[in-house]
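Thanks for coming, everyone. I'd like to walk through the empty spaces in this protein, then the ligand, then two backbone details. Here is the structure.

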Amino acid sequence: MDKLFDFSGRRVVVTGASRGIGRSIAEAFGERGADVAVHYCSSADAAAEVVDGITASGGRAFAVQADMLTADGAAKLADAVKNHWDGLDILVNNAGDVIGRSTLAEADDRHIEQTLGLNLNSVVDLTRRLIPLLEKGQAPAIVNITSITAFNGGQGGVSVYGAAKGGILGLTRSLAGELCPTIRVNAVAPGVIITDIHRRTTTPERMVQIAEKTPLGRNGDPDECAGAVLLLAGAGGSFITGDVIHVNGGLWIG
Ligand code: NAP
């Protein structure tokens with residue numbers, strides 16, 4: 001296996017690994033020999049499928065349930081990881097959701113609490129709890145999933161989500177400095193990727209419009225985000241920290 005993408009025996013936590021982008025990331029690590037903690041919230045069967053798939057492809061995996069919208073969600077996941085491993089090599093903070101589209105003026109307390117709680121606060125909480133374990137890892141790295149929304153404002157009704165994803169960028173840069181030279185911290189900013197988020201919150205007509213506006217002429221696939229995460233997490237990204245890779249088919253420049 002190409003050593004830049006060889007994750008044999010590397011211990012990896014992927015949050016929100018039951019579906020969409022997180023699932024693709026977990027499977028990509030598993031196919032390259034990693035030992036993967038497959039975090040999920042409500043999709044237990046899907047998480048079990050991911051674990052089975054990784055095991056079948058020669059990797060090792062276990063599933064961990066934690067609702068990041070509960071006060072002890074991050075602690076529950078961090079404790080499960082600490083009970084399983086005595087060190088951690090890679091943390092991918094992927095779990096997230098638009099929650100729903102609302103202008104800021106119309107947003108109620110619940111929308112704001114849940115959007116910031118899942119997309120920003122839980123990432124801060126989980127990361128701080130896992131830093132001591134990452135410090136015991138080998139060439140440890142954190143990859144945070146932010147969004148094109150933090151750069152271009154998104155597709156409407158996502159101000160709070162944009163605030164959270166912008167916060168993830170700030171966290172990435174500040175933490176990269178704080179954890180140098182021991183732990184590298186980077187981010188991946190997907191553009192419009194076909195997952196349940198858009199099936200729920202973006203009309204098919206709007207998806208077509210976005211695809212037409214995208215220089216590569218289409219929306220993205222979850223698997224197309226995994227390569228950037230592998231690069232930043234492994235030997236290929238060994239001199240990259242505090243940075244972000246955009247995965248958006250050129251929508252950023254379009
Ligand atoms: P998705 O298909 O809806 O998957 C979301 C994942 O997050 C699922 O595994 C889900 O777990 C988990 N999750 C949801 N609510 C949770 C909660 N309360 N506690 C813990 N986990 C929870 O979404 P996706 O499109 O792959 O998004 C993945 C990441 O990419 C998110 O951070 C999103 O903001 C970001 N992103 C996506 C796009 C895009 O176009 N799709 C663009 C930019 C950024 P269960 O299914 O087990 O509940």
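How many cavities of 30 Å³ or more does a search of the whole structure find? Two. Before I go through them, a reminder that this is a predicted model. And a word on the approach. Rolling a probe the size of a water molecule over the atoms shows where empty space is left.

Start with the largest cavity. Its volume is about 40 Å³. The lining is T15, M68, N93, N94, A95, S122, V123 and L126. Which helix gives the most to that lining? Helix α4, residues 109-134, with three residues. By class, the lining has four nonpolar residues and four polar ones. Charged residues are absent from it.

Now the second largest cavity. Here too we have about 40 Å³ of space. N93, A95, N119, V123, N144, I145, K165 and I168 form the lining. Three elements give two or more residues to it: α4, β5 (141-145) and α6. What is the class make-up? Four nonpolar, three polar and one charged.

You may have heard some names twice. N93, A95 and V123 are in the lining of the largest cavity. N93, A95 and V123 are also in the lining of the second largest cavity.

On to the pockets. The largest pocket holds about 830 Å³ of space. Its lining takes in 42 residues. Which of them lie nearest the centre? N94, A95, G96, D97 and I197. At least two lining residues come from each of α1, β2, α5 (149-152), α6 and α7. The top contributor is α7, with four residues. By class, the lining splits into 17 nonpolar, 18 polar and seven charged residues.

What takes up that pocket? The ligand: its space is the largest pocket. The elements giving two or more residues to the shell around the ligand are α1 (20-31), β2 (35-40), α6 (159-179) and α7 (196-201). Again α7 gives the most, this time three residues.

Let's look at that shell. There are 32 residues around the ligand. Those that come nearest are R19, S43, N94, Y161 and T195. N94 is a name to keep in mind. N94 lines the largest cavity, and N94 is among the residues nearest the centre of the largest pocket. By class, the shell has 15 nonpolar, 13 polar and four charged residues.

Now the polar side chains at the ligand. How far is an N or O atom in the side chain of R19 from an oxygen atom of the ligand? It is 2.6 Å. For S43, a side-chain N or O atom is also 2.6 Å from a ligand oxygen. For T195, a polar side-chain atom lies 2.5 Å from an oxygen atom of the ligand. And how much of the ligand does the protein bury? On its own the ligand exposes 890 Å², and the protein buries 96% of that.

One more pocket. The second largest has about 150 Å³ of space. It is lined by 13 residues, and R218, G220, E224, N248 and G249 are the closest to its centre. The lining has six nonpolar, five polar and two charged residues.

Last, the backbone. Most residues other than glycine have a negative phi, and most peptide bonds are trans. We have an exception to each. Is the bond from C180 to P181 cis or trans? It is cis, with omega near -5°. Where does P181 sit? In the loop between α6 and β6 (184-190).

The other exception is I99. Its phi is near 70°, a positive value in a residue other than glycine. I99 is in the loop between β4 (90-93) and α4.

To recap. The ligand takes the space of the largest pocket, with 96% of its 890 Å² buried by the protein. R19, S43 and T195 are among the residues that come nearest to the ligand. The search gave two cavities of 30 Å³ or more. And the bond from C180 to P181 is cis. That's it from me.

Conventions:
Residues are numbered from 1 along each chain as its sequence is written. This is a predicted model: local features need pLDDT of at least 70, side-chain atom pairs count only at pLDDT 80 or more; totals for chains, interfaces and linings use all residues. Side-chain values use heavy atoms; hydrogens and water are left out. A residue is near a molecule or strand if one of its heavy atoms lies within 4 Å of it. A polar contact is a pair of N or O atoms within 3.5 Å; within protein, one must be able to donate a hydrogen and the other to accept it, and residues adjacent in sequence count only if both atoms are side-chain atoms. Accessible areas come from the Shrake-Rupley method with a 1.4 Å probe; for residues, only the protein chains shown count as cover. On a 1 Å grid over the protein atoms alone, a cavity is a set of points where a 1.4 Å probe fits but cannot get out, and a pocket is an open set with protein on both sides within 12 Å along at least five of seven lines; lining residues have an atom within 4 Å of a point. A molecule sits in a cavity or pocket if more than half of its atoms lie within 2 Å of its grid points. Ala, Val, Leu, Ile, Met, Phe, Trp, Tyr, Cys and Pro count as nonpolar, Asp, Glu, Lys and Arg as charged, and the others, Gly among them, as polar. Grid points are joined across faces, edges and corners, and a volume is the space filled by probe spheres set on the points.
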